[in-house]
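Let's take a walk through this fold, starting in a loop and working inwards. Keep the viewer open as you read.

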Amino acid sequence: MNTLSWENYDFANILFSGNCNAQCPYCIGQKLEQSYPGNLDTFPLTNFDTFLELIKEHQIPEVIFTGTTTDPLLYRHQERLLDIFEREIPHVRRAIHTNGFLIIKKLDLFQRYTKCTLSLPSFRQEIFEIMMGTKQKVPDIPTISDHSDIPVKVFRIVDMTN
């Protein structure tokens, strides 16, 4: 029989909220019963010191930078946040879950993560536009791969559109 232990954790999330560079109809933030205040301009993040202490105390091996209603690459204090992680708990993996629109524009910051999950519903531009709610181009995975040393996993969203 499996037992649930509250002593071991595989990862912790930092959830960003605020305006996004996409308008995905399946966005988890649109499905939440409660709306969360935007934190793209907030530094330090609310309860961040406690969060760091819990990561240390429970020896959590990975922190995922993700969003509820936005993309984490839109966080305006990302460099400072990454500085803290690298200084305080350098052994912790720093993962990012992004829509990929800003990876090439923020390549130096992107390189500071240890892995990436890229949400990509389709490589076909017309389907991509419908599912992402934007006219932006499909992120160029070969270019990202050529300019980055971190592994990128493609997370495929599937619905009736694709």
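Where does Asn-47 lie? You'll find Asn-47 in the loop between α1 and α2. Bear in mind as you look around that this is a predicted model. Asn-47 has a positive phi of about 60° although it is not a glycine. Its surface is easy to spot too, since Asn-47 is exposed, with a relative accessible area of 57%. The loop between α1 (28-31) and α2 also holds Pro-44, and the peptide bond leading into Pro-44 from Phe-43 is cis, with omega near -5°.

Now look at Gln-59, which sits in the loop between α2 and β2. Here again phi is positive in a residue other than glycine, near 50° for Gln-59. Gln-59 is exposed, with a relative accessible area of 65%.

On to the sheet. Five strands make an open sheet, in the order β1-β2-β3-β4-β5, and the pairing is parallel. At the edges stand β1 and β5 (152-155), each with a single partner strand, so each has one side without a neighbour in the sheet. From one strand to the next, the twist averages 20°.

Zoom in on the β1 edge. The parallel strands β1 and β2 are joined by 5 bridges. Among the bridge partners, Ala-12 goes with Val-63 in β2, and Asn-13 goes with Ile-64 in β2. In a regular strand, side chains alternate between the two faces of the sheet. In β1, Ala-12, Ile-14 and Phe-16 make up the covered face, while Asn-13 and Leu-15 make up the uncovered one.

What lies across β1 and β2? That's α2, running at about 160° to β1. A good residue to pick out in helix α2 is Ile-55. Ile-55 counts as buried, at 2% relative accessibility. Not counting residues up to four places away in sequence, Ile-55 touches Ile-60, Val-63, Phe-85, Ile-89 and Val-92. You met one of these, Val-63, as the bridge partner of Ala-12.

Next, turn to how α2 meets α3. Two packed helices are described by the angle between their axes and the distance between the axes. For α2 and α3, the axes come within 12 Å and cross at roughly 35°. The crossing of α2 past α3 is right-handed. On the α2 side the contact uses Phe-48, Phe-51, Leu-52, Ile-55 and Lys-56, and on the α3 side Leu-81, Ile-84, Phe-85 and Glu-88. Sorted by class, this contact has 7 nonpolar, no polar and 2 charged residues.

Leu-82 is found in helix α3 too. Leu-82 counts as buried, with 0% relative accessibility. Leaving aside neighbours within four places in sequence, Leu-82 is in contact with Phe-65, Arg-94, Leu-109, Arg-112 and Tyr-113. Two of those names, Phe-65 and Tyr-113, come back in the aromatic cluster.

So how many aromatic pairs does the structure hold? There are 7 aromatic pairs in the structure. Take Phe-16 and Phe-65: their ring centres are 6.5 Å apart and their planes are at 20°, so this pair is stacked. Phe-16 is in strand β1 (residues 12-16) and Phe-65 in strand β2 (residues 62-67), so the stacked pair links distant parts of the chain, 49 residues apart. Phe-16 is buried, with a relative accessible area of 1%, and Phe-65 also counts as buried, at 1% relative accessibility.

Compare that with Phe-48 and Phe-85. Here the ring centres are 5.7 Å apart and the planes are at 75°, so the pair is edge-to-face. Phe-48 lies in helix α2 (residues 48-57) and Phe-85 in helix α3 (residues 78-88), so this pair ties together parts that are 37 residues apart in sequence. Phe-48 counts as buried at 6% relative accessibility, and Phe-85 is buried, with a relative accessible area of 0%.

To finish, colour the whole aromatic group at once. Phe-16, Phe-48, Phe-51, Phe-65, Tyr-75, Phe-85 and Tyr-113 form one aromatic cluster.

Conventions: Residues numbered from 1 in each chain as written. Predicted model: local features only at pLDDT ≥ 70, side-chain atom pairs only at ≥ 80, totals over all residues. Heavy atoms only, no water. Phe/Tyr/Trp six-rings, centres within 6.5 Å; stacked < 30°, edge-to-face > 60°. Helix = DSSP H or I, 4+ residues; strand = E, 2+ residues; numbered from the N terminus. Buried < 20%, exposed > 50% of the residue type's maximum accessible area, 1.4 Å probe, protein only. Pairing = 2+ DSSP bridges. Axes fitted to C-alpha atoms, helices over the stretch in contact; angles between N-to-C directions. Contact = heavy atoms within 4.5 Å. Left-handed = near helix turned anticlockwise from the far one by under 90°. Nonpolar A, V, L, I, M, F, W, Y, C, P; charged D, E, K, R; others polar.
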